[in-house]
Amino acid sequence: MNKKYFDANKELWDEFAKIHYETESESYSVKSFLEGQSTLKSYELREMGNVKGKSLLHLQCHFGLDTLSWAREGAIVTGIDISSEGIRLAKLLAKRAKLEAQFIESNLYDSPKVLFKKFDIVYTSIGVLCWLNDLKEWGAIISHFLKPGGFFYIAEIHPFSMVFDNETKTAIVQANTKAKFASAVSGEKMAQGLRYEYITKDEAVVEKPLEKGRVRILEIGSEIDSVENIWGISKED
Ligand SMILES: C[S@@+](CC[C@H](N)C(=O)[O-])C[C@H]1O[C@@H](n2cnc3c(N)ncnc32)[C@H](O)[C@@H]1O
């Protein structure tokens, strides 16, 4: 019954994975990661403690930046994600960074059927819960994968904070058929649109077809003073 929703999410994340991998941004920078920078937050490092030699399962690992950052901290890492493109890029990134990791393409809800190990740590972070339809089952899966004495760690944000945004101005966006979406951010203020119009304001993004290239921001409201402030999308794209 949920297949069509999971398929739609997978399709979206296949597109996002490619864009996030290829486009340098504050949230996703492959370049800085390859130069040795960790993507982990200081509170995560502090709260998780020493992970050296511990087995760690990263649920919804995207293209593996955080997973591989944990590998750099000494953990023995496994990442799973529903996105085939995310997993392909995670494997590529591991190779480029010369780090050991196992990456598995799987819907989280099917993961016990494809992964038969138990872990010291199950980890997941930022932007994960909103994609899941059954949190009771999610909890059971986490418990299934934990060794006795192991622990689960989650760092998450809540989209409720976005209801206070009454300042984001219109962004005019061009997109081709492969990437019919765009997102623009001014600080923490986000406007997302095109085919994911349920996310926020109708007027936030105006679509214009583009023959070549992926996504181009043409004009942004005065709250966003330069294209460098746009998350995940650069002017050249
Ligand atoms: C916001 S991203 C997580 C990003 C991660 N915190 C990072 O910064 O790299 C959400 C991830 O959840 C994955 N996802 C969504 N639904 C899923 C499901 N049912 N099973 C497994 N992964 C799923 C997406 O493919 C995407 O990679």
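**The ligand shell and two residues with positive phi**

In this predicted model, a good place to begin is the ligand and its surroundings, where α1 (3–22) and α4 (65–72) each contribute at least two residues to the shell. Of these helices, α1 deserves attention, since three residues, the largest share of the shell around the ligand, come from α1. The shell can also be read by residue class, and it then divides into eight nonpolar, eight polar and two charged residues. Among the 18 residues around the ligand, those that come nearest are Trp 13, Gln 60, His 62, Leu 108 and Gly 127.

One of these residues, Gln 60, leads from the ligand to the backbone. Gln 60 sits in the loop that runs between β1 (55–59) and α4, and although Gln 60 is not a glycine, its phi is positive, at about 60°. Is Gln 60 buried or exposed? Gln 60 counts as buried because 21 C-beta neighbours lie inside 10 Å, and a residue is called buried when 20 or more other C-beta atoms lie within that distance of its own.

A positive phi is also found at Lys 98, where the angle is about 55° although this residue, too, is not a glycine. Lys 98 belongs to the loop between α5 (84–97) and β3 (102–105). Lys 98 has 7 other C-beta atoms within 10 Å and is therefore exposed, the cut-off for that class being 12 or fewer. Taken together, the two loop residues have positive phi values, at Gln 60 and at Lys 98, but Gln 60 is buried, whereas Lys 98 is exposed.

Key: Residues are numbered from 1 along each chain as its sequence is written. This is a predicted model: local features need pLDDT of at least 70, side-chain atom pairs count only at pLDDT 80 or more; totals for chains, interfaces and linings use all residues. A residue is near a molecule or strand if its C-beta atom, placed from the backbone, lies within 6 Å of it. Helices (H or I, at least four residues) and strands (E, at least two) are DSSP runs, numbered from the N terminus. Ala, Val, Leu, Ile, Met, Phe, Trp, Tyr, Cys and Pro count as nonpolar, Asp, Glu, Lys and Arg as charged, and the others, Gly among them, as polar.
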